[in-house]
Amino acid sequence: MSSKKTLRQILDESHECFLVPCVYDCASNHAVEMCGFPVSLLSGGEVSISVNGVIDYGFTNLTDLEWVVSRVASTSSIPLIADIEDGFGGPLAVYRAAKRLAAAGAAAIQLEDSADMEESTTILPRDKYMAKVRAALEALEGTDCLLIARSNADPSDPAQMKEGCERLQEAIDLGKERGMYVLAMMVLVGNIEQATEMAKIVTGPKIFADVRAYKGEDGHYHPAVTMEELTPLGFKMCSSHYTMKAAMEGMLEHGLQNFKNQSVAYSFETAPASGIESFSCSGMFDPQAYLKLENKFTGGDKEYTIVGHQVEDYPQGFVRPDISERL
């Protein structure tokens, strides 16, 4: 579906780098929406775990990804970026993948320059990667879907860092020649010093990948970089992973307690974010809004229940996307 704002509109209107959480399904994306994030990024690794139950090791194919993108994008009020890894093959495969994912609703596709999961920092020769970039740009021309050129070059290797940056800037320039907006990402750049070096060569719009945190002397974790540090370097977005870990941690915490007690009481009383005292998360998905829309067509006054049981109201303090943005 078309979100209220395209990714390009959001980037043009934003004057500061902002955090973009990685998601893996409709529920994780909705949680990101509820918290107010303006953009989400579909993680290839977490899609592999959630859809196929296996680690990110080249098991996910285009059919898997297209299926997930279509469902998340069609139920989201915010733009969704899709990680297509190496594009599933050569330039023709990239062309096909880009066309299909743009049609499925992706707001941007992220294309990396490595084609081997076992040697993910062994980057393709520049001419082979640029052929893929040209194929992606051709496929995306005339759509609202942007290209994110991603390099897996190792910033600890000066020669590889230089090569990775130069090819990313070349991708940005190829986009400009077509009147298209291309962003650059160097996935192994992990601190402000490396980001500063990257910005000396890649002068176009950039994404800081997978921001991490370090443990300080106070025993607490602190962000490796801040949005304030990244903004003057030309970074528009900063991707982050937390949704799947947060979901697993919550399920494990509740599971351990419920298994120990052979009771679901813990899950009823443990609701630190939503305040919904129940075993169900249905209320978080605003079911009454669906019935309100249906009643508009039928003239009825039907309410949503689960087999006759009342469903909790949508929790307060969260963004509540209009139902028309989720159907």
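Is T270 buried, partly exposed or exposed? In this predicted model, T270 counts as partly exposed because its relative accessibility comes out at 21%, and the cut-off for buried is under 20%. As for its place in the chain, T270 is found in the loop between α11 and α12. The side chain of T270 doesn't just dangle there: a 2.8 Å contact takes it to the backbone oxygen of Y266. K176 makes a handy reference point elsewhere in the chain. Along the sequence, K176 and T270 are 94 residues apart, and their C-alpha atoms are separated by 51 Å.

The loop that holds T270 also holds S280, with α11 spanning 265-269 and α12 spanning 287-298. S280 falls on the other side of the cut-off: with a relative accessibility of 15%, this serine counts as buried. Its side chain has a partner too, since a polar contact of 2.9 Å links it to the side chain of S282.

Turning to the strands, β5 covers residues 146-151, and six of its six residues are buried. In a regular strand, side chains take turns pointing to one face of the sheet and then the other. Here, both faces of β5 are covered. One side carries L146, I148 and R150, the other L147, A149 and S151, and all of them are buried.

So what sits alongside β5? Strand β4 (residues 108-112) runs parallel to β5 and is joined to it by five bridges; in that pairing, A108 has L146 as its bridge partner. Strand β6 (residues 182-186) also runs parallel to β5, again through five bridges, and here L147 stands opposite V182. To get from β5 to β6, the chain passes through helix α7 (residues 158-177), giving a β-α-β crossover that is right-handed.

Finally, there is the matter of empty space inside the model. Rolling a probe the size of a water molecule over the atoms is a way to show where such space is left. The structure turns out to hold one cavity of 30 Å³ or more. The largest cavity has a volume of about 60 Å³, and its lining is made up of G44, V47, T60, L65, D83, I84, E85 and F88. Sorted by class, that lining is a mixed bag, with four nonpolar, two polar and two charged residues.

Note on methods: Residues are numbered from 1 along each chain as its sequence is written. This is a predicted model: local features need pLDDT of at least 70, side-chain atom pairs count only at pLDDT 80 or more; totals for chains, interfaces and linings use all residues. Side-chain values use heavy atoms; hydrogens and water are left out. On a 1 Å grid over the protein atoms alone, a cavity is a set of points where a 1.4 Å probe fits but cannot get out, and a pocket is an open set with protein on both sides within 12 Å along at least five of seven lines; lining residues have an atom within 4 Å of a point. Grid points are joined across faces, edges and corners, and a volume is the space filled by probe spheres set on the points. Ala, Val, Leu, Ile, Met, Phe, Trp, Tyr, Cys and Pro count as nonpolar, Asp, Glu, Lys and Arg as charged, and the others, Gly among them, as polar. Buried means under 20% relative accessible area, exposed over 50%, partly exposed in between (1.4 Å probe, protein chains only). Helices (H or I, at least four residues) and strands (E, at least two) are DSSP runs, numbered from the N terminus. Two strands pair if DSSP finds at least two bridges between them. A crossover is right-handed if, with the strands pointing away from the viewer, the path from the first strand over the helix to the second runs clockwise. A polar contact is a pair of N or O atoms within 3.5 Å; within protein, one must be able to donate a hydrogen and the other to accept it, and residues adjacent in sequence count only if both atoms are side-chain atoms.
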